[in-house]
Amino acid sequence: MKSGSKKCHSCGTMTQTPYKYTIVPAKTHGTIPVYNKAAAKERPNRETLKGDMKVTVNYYCDEGCYEKTPPQVSTNQYAI
Ligand SMILES: [Zn+2]
C-alpha cells in the first residue's frame, strides 16, 4: 500500500504517514467560520474547493520537518 505516500515539503522524503498542513485562505478579515459537525458532513472536502476558497496543502514527515520549512503564507492574509 503505497498509494497514501506523500512527499515531504521540507526534505523530499516519501512518507506514508504524512503530517498534513492545510492553508485555508482568509476570505474576510475577522470572520472565522464556526465549525459545525453536521454541516461539515454535507459540505464538500475543503481540498476540492476552487477559486477564492482554494486551499494549499503541504505534506511533511512530521511536525519537526514542518517547523524546518514552514509553508509560505502571506502575513497580510492573516493580519488583524
Ligand atoms: Zn521531511
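Select Tyr19 to begin: in this predicted model, 18 C-beta neighbours lie inside 10 Å of the residue, and Tyr19 therefore counts as partly exposed, since the buried class asks for 20 or more. Tyr19 has its place in strand E3, which covers residues 19–23.

With Tyr19 still highlighted, add Tyr60 to the selection. The two residues are 41 places apart along the chain, yet their C-alpha atoms are separated by 4.8 Å. Tyr60 belongs to a longer list of residues that Tyr19 touches, once residues up to four places away in sequence are left out: Tyr59, Tyr60, Cys61, Asp62, Glu63 and Tyr66. Showing these side by side with strand E3 gives a view of the contacts around Tyr19.

Next, colour the whole chain by secondary structure, where two helices and four strands should appear. Following the chain along the sequence, you will meet these elements in the pattern β-β-β-α-β-α. Of the 80 residues in the chain, buried residues make up 10%. If you then display contacts between residues at least 6 apart in sequence, 76% of them join residues at least 24 apart.

Now move to Ser3, in the segment that comes before strand E1 (6–7). Is Ser3 buried or exposed? Ser3 is exposed, because 5 other C-beta atoms lie within 10 Å, where 12 or fewer is the limit for that class. To see what lies across from Ser3, select Gln16 as well: 13 residues separate the two in sequence, and 8.3 Å separates them in space, from C-alpha to C-alpha.

From there, go to Lys54, which is found in the loop between helix H1 (37–42) and strand E4 (56–60). Lys54 counts as partly exposed because it has 13 C-beta neighbours inside 10 Å. Adding Ile23 to the selection lets you draw a C-alpha to C-alpha distance of 9.0 Å, although Lys54 and Ile23 are 31 residues apart in sequence.

The last stop is Lys68, in helix H2, which spans residues 63–68. How many C-beta neighbours does Lys68 have inside 10 Å? There are 13, and so Lys68 counts as partly exposed. Finally, select His9 together with Lys68: the pair are 59 residues apart along the chain, and their C-alpha atoms are separated by 10.0 Å.

Conventions
Residues numbered from 1 in each chain as written. Predicted model: local features only at pLDDT ≥ 70, side-chain atom pairs only at ≥ 80, totals over all residues. Contact = placed C-beta atoms within 7 Å.
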